[in-house]
Structure formats: structure tokens, C-alpha cells
Amino acid sequence: MSTGLRSGQVADAAGVNIQTLRYYERRGLLEEPERSTGGHRLYDEEAVTVLRVIKAAQRLGFTLEEVAELLEAGRHRHGRLVPGLQERAAAKLVEVDAKIADLTTIRTTLVAAVEAGCDDLTVCASSSCCPIPFTDLAEENRHGGPCC
């Protein structure tokens, strides 16, 4: 291969830095490129696509290990559907839904803390009207009176 994209060109085109490119190469996510006669790495256009796929999968919540497994399965499918992608996406969706539920609870509690005027965690924790879930501690140190 006498033509190809050099490391900086691939990294720029994929929106990653060169260290990320090298790291993915070391992890086996990106195939090792051919080298020019001068020893420069020369990548084909597919490397840019693979890098973009990796970054997109990470944004969807997949770990690099999960991405590596999906890429490896895809490399060996030879035109067949890859079993597992649907299951992994469904499992990731369950994880995301659980995180959304947790974040919704956190948001609701924080909104209540702001509305209650909580300004000091120690004072708030000892108040019976504190919306932050310090219930065990609040029960022991009930003061009554104004919230926070």
C-alpha cells in the first residue's frame, strides 16, 4: 500500500486524538495499519469509519470491552446477521432506563431541596422537613421548627 491516510489525518477525520487512535490499535479495536517505506502508519478509509463507530457506541453507553466484542463478531460474520447485537442493545436499554429512573429520583430530591431552601447539609439533615433522604439521622435529631 503506497497510499493511505496518516495517523493525524485519520484522527482528525474521526474526531479523536492520535493517542486515542494508538490506544484503540493497542487494544485491538482498530487493525494495525500497513507502513510506508519510511515507517509511517498508513490507514485506509475504513479506519475512520471504525473509529466513528467506536465513539458512537461509547456515547450509547457501551464499554470499550463491549465495543471490542461487537467489532470482533462483525469481522467474522461474513454477511450473516450477528447474534448478540440485539440482545446487547436491549440490555443496554434496560441499564439506561434504570439510570434515568435514578436520575429522575435525584432530580426530584434536588428540586425539593432547592424549594425547601436547604443551605447546610448538617442543619438540613437534623431537620424533620429535609427533603434529602437523611431519614435515619433526621429521626434521631428531630428539632421541628423551620426547615433548613
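Author: Let's start with the angle classes: under 35 degrees counts as roughly parallel, over 145 as roughly antiparallel, 65 to 115 as roughly perpendicular, and the rest as oblique. The model here is predicted, so local features need pLDDT of at least 70 and side-chain atom pairs count only at pLDDT 80 or more, while totals for chains, interfaces and linings use all residues. Residues are numbered from 1 along each chain as its sequence is written, and side-chain values use heavy atoms, with hydrogens and water left out.

Reader: Why are α1 and α2 called roughly perpendicular to each other?

Author: The axes of α1 and helix α2 (residues 18–27) cross at roughly 100 degrees and come within 9 Å. Axes are lines fitted to C-alpha atoms, for helices over the stretch in contact, and angles between N-to-C directions run from 0 to 180 degrees. Set that angle against the 65 to 115 range, and α1 and α2 are therefore roughly perpendicular.

Reader: Which residues make that contact?

Author: On α1 they are Ser-7, Gly-8, Val-10 and Ala-11, and on α2 Ile-18, Leu-21 and Arg-22. Contact means heavy atoms within 4.5 Å. By class, this contact has 4 nonpolar, 2 polar and 1 charged residues. Nonpolar covers Ala, Val, Leu, Ile, Met, Phe, Trp, Tyr, Cys and Pro, charged covers Asp, Glu, Lys and Arg, and polar takes the others, Gly among them.

Reader: What makes Ser-7 count as buried?

Author: Buried means under 20% relative accessible area, exposed means over 50%, and partly exposed is in between (1.4 Å probe, protein chains only). Ser-7 has 9% relative accessibility, so it is buried. Leaving out residues up to four places away in sequence, Ser-7 touches Ile-18, Leu-21, Arg-22, Arg-41 and Tyr-43.

Reader: And why are α1 and α3 called oblique to each other?

Author: Helix α1 (residues 7–14) and helix α3 (residues 45–59) have axes that cross at roughly 45 degrees. None of the three named ranges holds that angle, so the class left is oblique, and α1 and α3 are therefore oblique to each other. Val-10, Ala-13 and Ala-14 of α1 meet Ala-47, Val-48, Leu-51 and Arg-52 of α3. Those residues divide into 6 nonpolar, no polar and 1 charged.

Reader: How do you know that the pair of Tyr-23 and Tyr-24 is tilted?

Author: Rings of Phe, Tyr and Trp (its six-membered ring) pair if their centres lie within 6.5 Å; planes under 30 degrees apart count as stacked, over 60 as edge-to-face and the rest as tilted. A search of the whole structure finds 1 aromatic pair. The ring centres of Tyr-23 and Tyr-24 are 6.2 Å apart, with planes at 50 degrees, so the pair is tilted. Tyr-23 is partly exposed at 34% relative accessible area, whereas Tyr-24 is buried at 3%.

Reader: Why is Lys-92 called buried?

Author: Lys-92 has 7% relative accessibility, so it passes as buried. Its place is helix α5 (residues 85–116). Beyond neighbours within four places in sequence, Lys-92 is in contact with Leu-60, Gly-61, Phe-62 and Glu-66.

Reader: What makes Thr-20 count as buried?

Author: At 19% relative accessibility, Thr-20 falls under the limit and therefore counts as buried. Thr-20 sits in helix α2.

Conventions: Helices (H or I, at least four residues) and strands (E, at least two) are DSSP runs, numbered from the N terminus.
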